[in-house]
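Colleague: I am new to this structure and would love a close look at a single part of it. Could you walk me through the sheet and the side chains on it?

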Amino acid sequence: AEAQPMEEGGDDEDVTDLPAPLPASPPFDNDTGLYELIGVLTHQGLSAEGGHYVAWVRDQNNPDSWFLFDDDKVSVAKTEDVLKLSGKGGAENHIAYMCLYRSKCYKSLIPPTVE
């Protein structure tokens with residue numbers, strides 16, 4: 001059946017079936033405009049139909065340490081390894097496909113005071 005345009009002054013019955021609005025989101029607290037890289041999804045191969053995808057996730061306890069999730073294997077990598085994900089050198093190298101960032105708040109940039 002072909003869709004018919006709604007006539008002006010038509011039945012408003014559909015409007016009453018709308019779901020309740022979503023609750024307001026918590027306030028966004030990024031007063032610096034700065035972000036830090038916390039994850040990278042990479043692809044290795046000649047095309048999206050072939051090849052292999054892996055995830056690199058920054059260790060929250062050690063910013064220079066990353067976890068490499070490769071199917072059922074998890075290994076540790078360094079920041080220098082993540083910085084090489086440009087894909088230079090051909091399809092045998094990983095290419096950053098999606099980068100994930102977290103906002104940095106002003107409070108996190110203030111060094112702790114030593115007493």
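Modeller: Happy to; here is a tour of the sheet, strand by strand, and then of its side chains.

A word on the basis comes before the tour: this is a predicted model, where local features need pLDDT of at least 70, side-chain atom pairs count only at pLDDT 80 or more, and totals for chains, interfaces and linings use all residues. Residues are numbered from 1 along each chain as its sequence is written, and side-chain values use heavy atoms, with hydrogens and water left out.

Let us begin with the layout. Five strands make an open sheet in the order E4-E3-E2-E1-E5, and their pairing is antiparallel. At the edges are strand E4 (73-78) and strand E5 (95-104), each of which pairs on one side only. On average, neighbouring strands of this sheet are turned by 25° against each other, direction ignored. That angle is taken between axes, which are lines fitted to C-alpha atoms, for helices over the stretch in contact; angles run from 0 to 180 degrees between N-to-C directions. The strand names also follow a rule: helices (H or I, at least four residues) and strands (E, at least two) are DSSP runs, numbered from the N terminus. Two strands count as paired if DSSP finds at least two bridges between them. In general, strands of a sheet pair through backbone hydrogen bonds, either parallel or antiparallel.

Now follow the pairs across the sheet, beginning at the E4 edge. E3 and E4 run antiparallel and are joined by six bridges, with Phe-67 standing opposite Val-76 in E4. These two strands form a hairpin with two residues between them. Asp-71 sits in the loop between E3 and E4, and has a positive phi of about 55° although it is not a glycine. For context, most residues other than glycine have a negative phi. Asp-71 is also exposed, because its relative accessible area is 62%; the classes are buried for under 20% relative accessible area, exposed for over 50%, and partly exposed in between (1.4 Å probe, protein chains only).

Moving on, E2 and E3 are antiparallel too, with four bridges joining them. They form a hairpin with six residues between them, and the bridge partner of Trp-56 in E3 is Leu-68. At the E5 edge, nine bridges join strand E1 (residues 34-44) to E5, again running antiparallel. Here Leu-37 stands opposite Tyr-101 in E5.

Trp-56 and Leu-68 come up again in the largest nonpolar core, which has eight residues: Val-40, Val-54, Trp-56, Trp-66, Leu-68, Ala-77, Val-82 and Leu-85. Strand E2 (52-58) and strand E3 (65-70) each supply at least two residues of this core. A nonpolar core here is a set of buried Ala, Val, Leu, Ile, Met, Phe, Trp, Tyr and Cys residues joined through side-chain atoms within 4.5 Å. In soluble globular proteins, nonpolar side chains tend to be buried together.

Some nonpolar side chains lie on the surface instead. Leu-41, Tyr-53, Tyr-97, Met-98 and Leu-100 form a nonpolar patch there, with about 470 Å² of accessible area together. E5 gives the largest share of that patch, three residues. Tyr-97 lies in strand E5 and counts as exposed because its relative accessibility is 56%. Patches are made of residues with over 30% relative accessible area and no salt bridge, where like charges are joined within 9 Å and nonpolar side chains (Val, Leu, Ile, Met, Phe, Trp, Tyr) within 5 Å. The areas come from the Shrake-Rupley method with a 1.4 Å probe, and for residues only the protein chains shown count as cover.

Last come the charged side chains. A search of the whole structure finds two salt bridges, each being a side-chain nitrogen of Lys or Arg within 4 Å of a carboxyl oxygen of Asp or Glu. Arg-58 forms one with Glu-36, their closest N and O atoms being 4.0 Å apart. This pair links distant parts of the chain, with Arg-58 in strand E2 and Glu-36 in strand E1, 22 residues apart. Glu-36 also forms a salt bridge with Arg-102, where the closest N and O atoms are 3.2 Å apart. Again distant parts of the chain are linked: Glu-36 in strand E1 and Arg-102 in strand E5 are 66 residues apart. Through shared partners, Glu-36, Arg-58 and Arg-102 are joined into one network. Arg-58 counts as buried because its relative accessibility is 19%, while Glu-36 is partly exposed at 21% and Arg-102 is partly exposed at 33%.
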